[in-house]
Amino acid sequence: MGHLDRITFGGGGLDRAAALRIDSEGCAALAARPGARVLPLWRGRVLLAEDRLAGLPFDHEVLADDGAGDEADAAGETVLLGRDAAGEGIWARRLPDWPGAPETVTPEEEVAHPAIEGAVFAELRGRMATLDARDAELAAMGRAVLNWHASHRFCAACGARSQVSQAGWRRDCPACDTPHFPRTDPVVIMLVTHGDAVLLGRAPGWPERMYSVLAGFVEPGETAEAAVRREVAEEVGVAVGHVGYVASQPWPFPASLMLGFHARVEGAERPVLRPDPAEIAAAHWVSRQRLARIFAQEDAEIRAPLRGAIARHLMWNWLAGRMD
């Protein structure tokens, strides 16, 4: 598979060591080993040294719980991600702000921590295509589970503050004994084609020239194929025929699983697009020839999606005639 169509977060063969999540003694022994490493995340940003995830020793001073209320509670949310090829443990932990941390940071900025040398915190979305498969899997996994912890600190059944358990893979309510597990939101993302043209759209508020394929959340009680048909009809007023699964991508922004499909519009006449203005700012049928120019960065109105994104994978493989 060429670099243009590689799906980031597509899986790096990580040993997730799931059996250790319920083995507190085994986890403690793994954490006590000299090779134990923690991947810190700060405001959702990953710590990178050049183009690799930078891990800290499990007992690094930066990772210490400072007893400062909610911020310390956030720092204490440590998730076992798995074991590396040498059998050493890898964890993720959300790092609270430190004295002197910037109040605001743009997506493009990289931020250094005064106690961490040779590495910076960087926005994962912008650097995801530079990571190798294992680092990308670790980053997606850690970011998604820590996002879940940040938004699920209280029991949904009774409202009491819940507690982290099972190496970060569960939260337990001490008041009503309800267990809570991390959730992943299924999202369909679909390349819609009619003959030799593909449908591209852009959402309100997106940067200029940013277009992609259509996407939407799967609703309760709905199959993924039905969600494809519903979303296309709702967003651009088009009915699709055959819907075929292509590939998937974990998307930790904040915690989704993108299910990629190819949806074909039947009939000789190309349907008129009727975008829902609440969802779609603009939509166009784009010819195969124009899509080639878009990937060559020769189009003045549309640019291709980010490298590593499943949207780019779908578009590139259709352009290359490899969708089927």
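What follows is a short exchange about a predicted model.

Colleague: What makes the overall dimensions those of a compact globule?

Modeller: The chain has 324 residues, and a compact globule of that length would have a radius of gyration near 20 Å. The protein chain has 22 Å, which agrees. Along its principal axes the C-alpha trace spans about 65 × 45 × 40 Å.

Colleague: What are the secondary structure elements, and how many of each?

Modeller: The protein chain has seven helices and 16 strands. Of its contacts with a separation of 6 or more, 65% join residues 24 or more positions apart.

Colleague: How much of the chain is buried, and what is on the surface?

Modeller: 48% of the 324 residues count as buried. The accessible surface comes to about 15,500 Å². Carbon and sulfur atoms hold 51% of that surface. As for charge, there are 34 positive and 45 negative side chains. The centres of the two sets lie 4 Å apart.

Colleague: Why is T8 called buried?

Modeller: Buried means under 20% relative accessible area. T8 has 0%, so T8 is buried. T8 sits in the segment before α1. Leaving out residues up to four places away in sequence, T8 touches M128, A129, A136, Q249, R307 and G308.

Colleague: And E25, buried or exposed?

Modeller: Exposed means over 50%. E25 has a relative accessible area of 68%, so E25 is exposed. E25 belongs to helix α1, residues 24-31. The C-alpha atoms of E25 and V218 are 39 Å apart, with the two residues separated by 193 along the chain.

Colleague: Where does V218 belong?

Modeller: V218 is in a core of 23 residues that lies apart from the largest one. Its members include M190, V192 and L214.

Colleague: What makes up the largest nonpolar core?

Modeller: That core has 50 residues. F9, L81, L124, L191, L200, V213 and L291 touch the most other members. Helix α4, residues 133-151, supplies the largest share, seven residues. In soluble globular proteins, nonpolar side chains tend to be buried together.

Colleague: What does L191 touch, beyond its neighbours within four places in sequence?

Modeller: L191 is in contact with V198, V213, F261, H262, A263, L314, M315, W318 and M323. Two of these partners, L314 and M315, are among the buried residues of α7.

Colleague: Why is helix α7 called largely enclosed?

Modeller: Count its residues. Nine of the ten in α7, residues 310-319, are buried, so the helix is largely enclosed by the rest of the structure. The buried ones are I310, A311, R312, H313, L314, M315, N317, W318 and L319. They pack against the strands β11 (185-194), β12, β14 and β15 and against helix α6 (288-295). G321 follows α7, with a positive phi near 75°.

Colleague: S212 lies in a loop. How do you know whether S212 is buried or exposed?

Modeller: The cut-off for buried is under 20%. S212 has a relative accessible area of 11%, so S212 is buried. Its loop runs between β12 and β13. Beyond four places in sequence, S212 is in contact with L199, L200, G201, W206, P305 and A311. A311 is one of the buried residues of α7.

Colleague: R209 is in a loop between β12 (197-202) and β13 (214-217). Why is R209 called partly exposed?

Modeller: Partly exposed covers the range between the 20% and 50% cut-offs. R209 has 32% relative accessibility, so R209 counts as partly exposed. Its phi is positive, about 75°, although R209 is not a glycine.

Colleague: What is the class of Q166, and why?

Modeller: Q166 counts as partly exposed because its relative accessibility is 25%. Its phi is near 50°, a positive value in a residue other than glycine. Q166 is placed in the loop between β8 (163-165) and β9 (170-172).

Colleague: Which residues does the cis peptide bond join?

Modeller: The bond joins F253 and P254, and omega is about 10°. P254 lies in the loop between β14 (243-251) and β15 (256-264). Both of those strands are among the elements that the buried residues of α7 pack against.

How values were computed: Residues numbered from 1 in each chain as written. Predicted model: local features only at pLDDT ≥ 70, side-chain atom pairs only at ≥ 80, totals over all residues. Heavy atoms only, no water. Core = buried A, V, L, I, M, F, W, Y, C linked by side-chain atoms within 4.5 Å. Buried < 20%, exposed > 50% of the residue type's maximum accessible area, 1.4 Å probe, protein only. Helix = DSSP H or I, 4+ residues; strand = E, 2+ residues; numbered from the N terminus. Contact = heavy atoms within 4.5 Å. Rg over C-alpha atoms; globule rule 2.2 N^0.38 Å. Areas by Shrake-Rupley, 256 points an atom, 1.4 Å probe, with all protein chains shown as cover. Lys, Arg positive; Asp, Glu negative; His and termini not counted. Charge placed at Lys NZ, Arg CZ, Asp CG, Glu CD.
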